[in-house]
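Visitor: I should like to take a close look at a single part of this model, beginning with its sheet pairing and going on to the aromatic contacts. Please keep the account connected.

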Amino acid sequence: MSQFIQAVQQDSDLKARIIPCLDVRDGRVVKGVNFVGLKDAGDPVECAKIYDAAGADELCFLDITASVEGRGTLLNMVSQTAEQCFMPLTVGGGVRAVDDVRALLLAGADKVGINTSAVKRPELVGECAEKFGNQCIVVAIDAKRVSKVGEALRWEIFTHGGRTATGIDAVEFAIKVADLGAGEILLTSMDRDGTKSGFNLPLTRAVADAVSIPVIASGGVGNLDHLVEGIIEGHASAVLAASIFHFGDYTVEQAKKYMASKGISMRLDGYAN
Amino acid sequence: MKTVIIDYGSGNLRSAHRAFERAAIDYKLNHQIVISADPKDIENADYIVLPGVGAFKDCYDGLKSRTGVFEALHQAVQVQKKPFLGICVGMQLLATEGIEYKGSQGLDWIEGRVKIITPNAKIDLGLKVPHMGWNKLSLNQSGQSHAILDGIEIGEAGLHAYFVHSYQFSPQNADECILTTRYGQQITAMVAKDNMVGTQFHPEKSQKLGLDFIANFLTWKP
């Protein structure tokens with residue numbers, strides 16, 4: 001057990017969080033989920049209910065809708081989900097302005113993720129935090145390693161699904177948005193996303209140690225040890241995962257029990273009876 | 001019975017509304033839950049809820065700037081002594097004052113101050129601010145429980161509650177702090193005085209514990 005975790009847990013009963021993430025387009029879950037007993041894998045509300053009952057600590061919807069009409073569908077979906085789930089709900093994707101944040105919060109989101117728009121215009125983070133409080137503004141950072149082998153590690157922000165380099169240093173950007181009023185950072189390693197080879201731990205740790213706000217580790221989870229590493233080695237406050245839960249490799253309960261067995265304080269009382 | 005959730009331009013009002021409706025249904029309580037900024041609704045209400053996310057000063061100003069709301073709230077809570085629940089910043093507003101980069105007076109219904117969660121040495125080692133996530137509730141040192149906690153287990157064996165905040169309320173009178181949560185120090189999780197209760201945690205986001213708590217509030221007769 002690392003000194004870091006010991007120090008955190010000695011003086012606090014706050015638990016590390018597990019956050020399943022669902023990709024949504026036009027109000028439907030895409031890339032699919034595969035639960036036993038799920039009637040409609042594309043129905044976000046059904047999926048949310050299952051994760052709610054499974055003991056997820058929060059739920060994240062990542063909206064990949066391109067169209068304006070789709071946004072209306074998204075709001076409707078968020079609203080229906082919030083009606084059924086009494087756990088915190090973060091919605092990200094396509095947020096460009098203060099009014100987008102307001103619309104999502106009014107629909108029932110508790111936190112809103114801002115990604116590309118925060119890179120283009122960081123002041124948006126401050127404007128939203130001032131209006132709605134920093135606790136509900138999550139800045140999503142997609143980072144990729146740009147240093148060569150043998151060089152000091154360095155990560156840059158990439159946009160457009162990891163295709164477009166911005167030249168912005170990921171750690172410096174994290175510090176900047178934290179100062180501007182972000183309440184949390186959702187940090188995705190574009191090198192690892194979808195690889196199932198584990199979080200980018202040096203990146204996660206560099207960002208988590210640089211800011212005083214919570215960091216959610218994302219990208220690359222393939223097994224339960226990866227979740228443990230994200231907290232213990234990466235110093236993240238929460239871990240986000242998609243496919244290992246969606247396809248039934250592991251349940252949230254298994255993940256929590258495993259992390260607890262490795263000495264991480266987890267909330268083990270959230271399962272439906 | 002009628003419960004009004006006060007809309008003063010802040011807060012995840014829909015979340016709160018749904019959770020209150022759900023608690024009323026689950027516990028078969030004949031409660032109408034309305035979101036409103038209309039002083040008439042506050043006058044007609046039997047139970048009053050002040051939700052809140054955001055900055056203390058913005059919330060206080062939002063409350064003050066809505067015509068007649070502040071007066072109606074004062075009449076209902078301080079004169080008629082209707083049951084009142086403040087959530088998160090809605091609870092912090094009960095304080096005498098909030099100390100942020102812009103200081104602000106509060107409702108001063110429960111004497112005390114709202115200050116930032118003290119960044120201590122441990123913060124470098126992972127105690128982040130905002131205090132965000134699921135934490136345990138404990139009875140305050142005085143050990144006095146409260147009617148609104150009937151049937152809700154508190155302490156090590158109890159369920160967790162969901163928190164998300166950067167500021168904490170320290171009541172002047174320690175007896176008015178009913179619950180605490182441990183985060184580097186003991187942080188106020190619930191205050192109570194006469195017909196008023198306030199929670200730093202979000203009952204509307206705390207699953208079973210939260211719905212039980214809300215149902216208790218809706219049947220509370222202070």
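In which sense do strand 7 (residues 112-116) and strand 11 of chain B pair, and over how many bridges?

Guide: The model is predicted, so local features require pLDDT (the predictor's confidence in each residue, from 0 to 100) of at least 70 and side-chain atom pairs count only at pLDDT 80 or more, while totals for chains, interfaces and linings use all residues. Residues are numbered from 1 along each chain as its sequence is written, chains are lettered from A and ligands numbered from 1 in the order in which they are written, and side-chain values use heavy atoms, leaving out hydrogens and water.

Strand 7 and strand 11 of chain B pair in the antiparallel sense, over five bridges. Strands here are DSSP runs of E with at least two residues, helices are runs of H or I with at least four, and both are numbered from the N terminus; two strands pair if DSSP finds at least two bridges between them. Within this pairing, Lys115(B) has Gln168(B) of strand 11 as its bridge partner.

The two strands belong to an open sheet of four strands in chain B, ordered 6-5-7-11, with mixed pairing. Strand 6 (104-105) and strand 11 (167-171) of chain B form the edges; each has a single partner strand, so one side of each lacks a neighbour in the sheet.

As to confidence, chain B has a mean pLDDT of 91, with 95% of its residues at 70 or more. The lowest mean in chain B, 88, falls in helix 3 (residues 56-65), and the highest, 98, in strand 14 (residues 196-199).

The aromatic contacts come next. Over all chains, seven aromatic pairs are found, where rings of Phe, Tyr and Trp (its six-membered ring) pair if their centres lie within 6.5 Å, and planes under 30 degrees apart count as stacked, over 60 as edge-to-face and the rest as tilted. One of them joins Phe163(B) and Phe201(B) edge-to-face, at 6.0 Å centre to centre and 65° between the planes. This pair links distant parts of the chain, 38 residues apart: Phe163(B) belongs to strand 10 (residues 161-165) of chain B, and Phe201(B) to the loop between strand 14 and helix 6 (207-218) of chain B.

Phe201(B) also forms an edge-to-face pair with Phe213(B), at 5.7 Å centre to centre and 75° between the planes. Phe213(B) lies in helix 6 of chain B, so this pair ties the loop holding Phe201(B) to a part 12 residues apart in sequence. Both Phe201(B) and Phe213(B) are buried, that is, under 20% relative accessible area, with exposed meaning over 50% and partly exposed in between (1.4 Å probe, protein chains only). Phe163(B) is likewise buried, at 0%.
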